[in-house]
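Here are some notes for a colleague who is opening this entry for the first time. Please read them with the sequence and the structure at hand.

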2 protein chains.
Amino acid sequence: MTPAESLTGFRWVEFPEGTEALRPDRLAEGFIAAGAAVGIKEDGAPDLALLASVGGPPSSAMVLTTNAVAAAPVRLCREGLDSERIGAVVVTSGNANCATGERGMEVARQVQGAVAEALDLDPTEVAIAQTGVIGVQLDPDPVVAAVPRLADRLSPEGGGEFAEAILTTDAGTKSLTVTNGGVTVSAQAKGAGMIEPGLATMLCFVQTDGVVGEPKAALDEAVGNTFNRISVDGQMSTNDTVVFQASGTSGLPLPDGLLDEALLQLALAIVAEGEGATRIARVSVEGADDPDQADRVARAIGNSPLVKTALFGRDPNWGRILQAAGAALKGEDLTGLDEEAVRADELGGPDDQVEIGIDLRRGDGSGHQYFSDLTHRYIEINAEYTT
Amino acid sequence: MTPAESLTGFRWVEFPEGTEALRPDRLAEGFIAAGAAVGIKEDGAPDLALLASVGGPPSSAMVLTTNAVAAAPVRLCREGLDSERIGAVVVTSGNANCATGERGMEVARQVQGAVAEALDLDPTEVAIAQTGVIGVQLDPDPVVAAVPRLADRLSPEGGGEFAEAILTTDAGTKSLTVTNGGVTVSAQAKGAGMIEPGLATMLCFVQTDGVVGEPKAALDEAVGNTFNRISVDGQMSTNDTVVFQASGTSGLPLPDGLLDEALLQLALAIVAEGEGATRIARVSVEGADDPDQADRVARAIGNSPLVKTALFGRDPNWGRILQAAGAALKGEDLTGLDEEAVRADELGGPDDQVEIGIDLRRGDGSGHQYFSDLTHRYIEINAEYTT
């Protein structure tokens, strides 16, 4: 075990005191997982991931994309899943099963059904997530055929295999296992942009052996403070999914902050690995009329290509921050603001993790957003990728 | 005189039949202009532009940015100008006079006052626009000193000087003079970055000798169909200004479409010259619940960095168009849409002016947006530019 600080290189992540990091292969007690290659990805990389709870569906919750073009697995999770009792999670990578019509829904149902049968669950207890190229039908047969073998290999040390098999263009796995006061949280994420070149998506799966009375409330709060505050390119995917499962086997409540900081660590890992990113930043907005306004302004600043290129170019250009804030509040009056209201120095500094901010001098509302820079590599990745 | 078609290389501009192009130096009857270098720009390029009507303030109207961080000249035009009687327009380039506080307002007032004195106008009859760097105080003395000399040089052939002196990072002047059935429209614009619907560091000045009974209504409609439908990088400027003046000396009404097409020509010239742009596109949205929804979706598609890089990379990636539409309508249901609903072929084709579209299959609302691609050069320009 190592102190959790060694696990995170991010200045904004502060695990509760006494938190220690375990090997990320190791899942929270009560969970088993595995991954395999079934040929969805042409390069033979792992593309089928399975995670199950031991001893029946635990307390659980889910957050899904609100993109109007929701993929088939997202629609199936909305319609054919009891999100408070998720006994297993199946993920395929390499094909998003999005814009695939009724045939895509049938494919998602077949995969869900195969997992339910192999693990002796009801189909409504099996969550499904898929990520990859949009608009191409997925052949379910190799997946369905592989599920029983994969179910036999599920292991408490399978977090690494699982984390690898959910990736698409990610540079590497994004996963962690942390423990504090006898309670463990393990989590696995993928995503290198809110949406990648035709390959969609941010996925995150979180398990704990802590006792969680209201998992949906806990997850919503944690996601609101983490994944909902990150932006690589301002694009919302058709497949975004976060699943939270709490086995409660430790008999102890989840320590305050453990879930939030674990998700923040993974959210920042996604930003830092955003397509072409070389630097990341947090923009804090103070003095807004209310927190919603502050968040809206922070998001506008974090999504501004002028601010993102200033981050890349190490240009302490406070005028661009002011302009983006003014655009977000068009019709209002911010003309009293000047250089003094803006913190932009670190844009021009040596650090790769940068703090910027603006004080709107209107009220007490505050908010923040994490974002990456906009670089040549982003253009290369997205212009050269061809459907 | 040449047919107006030879003036425009844009497939979307259709001047009324019989329209002919004059040299853009030539202003509509009743207007005179000139430009000079007064040292705001360090490279000695022209940076002071003056345009006046002959024989007192004509029928006129104005559109200003709604960015909450409005620059001093914008605030002065709101507070200290009779926009229905604009007798002269003064423009400085190289300094936006934005985020400059009360001192900046005083500077704008001094420039306005100097022009009023030189042309024997009331200060409330002098419109002012400024463009350039944000947050730096402008020394008014060289400007004020140069105004009388410039006023002496005003000429009906001064459109070219005027158009040149309003530029900042523009590659070249954007101006035109067109005539139809005895009525002439001349116009001069600038802008190459921070271009977004709602206006952007975009300036445009339009003169006609036609009789225009309701110039504000005519201008609002024309701007709504042109400058409010373009986007280079989704950024709204602090200084956007459009001024429309109608001397009425021709005694004839403005031909239908002449103003709109003139502004569309200049708006597209701005998009085509957007920072680093190599291709431009129109995205049309059909089948929306209403025109506002259609415009909102068109804007989201035109501002999507994934669509903009696909335009650059000549990738007919219909999934990105669908994803951007879905994000714009988050919470709604577009899952019935597939490849058939999207027109993306021209993205992959040889043309530099591309038509794309999506049919939302919900109602009868339609809308459109013009946008440029996102390229390496955009990154270079904005990452290497230093305050």
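The points below take up the relation between the two chains and then the domains of chain A.

1. The model is a predicted one, and what follows should be read as a description of that model. When chain B is laid on chain A, the RMSD is 0.2 Å, and the operation that brings this about is a turn of 179° with a shift of 0.1 Å along the axis. The two copies are thus related as by a two-fold rotation axis.

2. Which residue of chain B comes closest to the rotation axis? That residue is B:His376, whose C-alpha lies at 2.9 Å from the axis. The contact between the copies uses the same surface on both, since 93% of the contact residues of chain B recur in chain A.

3. Within chain A, the domain assignment gives domain 1, covering 2–272, and domain 2, covering 280–384. The C-alpha centres of domain 1 of chain A and domain 2 of chain A are 31 Å apart, and the contact takes 12 residues from domain 1 of chain A and 13 residues from domain 2 of chain A.

4. On the side of domain 1 of chain A that touches domain 2 of chain A, β11 (230–231) and α7 (258–272) of chain A each supply at least two residues. The element that gives the most to this side is α7(A), with three residues.

5. As for the character of that same side of domain 1 of chain A, its residues divide into eight nonpolar, two polar and two charged.

Definitions and conventions:
Residues numbered from 1 in each chain as written. Chains lettered and ligands numbered in written order. Predicted model: local features only at pLDDT ≥ 70, side-chain atom pairs only at ≥ 80, totals over all residues. Least-squares fit on C-alpha atoms with pLDDT ≥ 70 in both. Contact = placed C-beta atoms within 7 Å. Domains from an automatic or database assignment. Helix = DSSP H or I, 4+ residues; strand = E, 2+ residues; numbered from the N terminus. Nonpolar A, V, L, I, M, F, W, Y, C, P; charged D, E, K, R; others polar.
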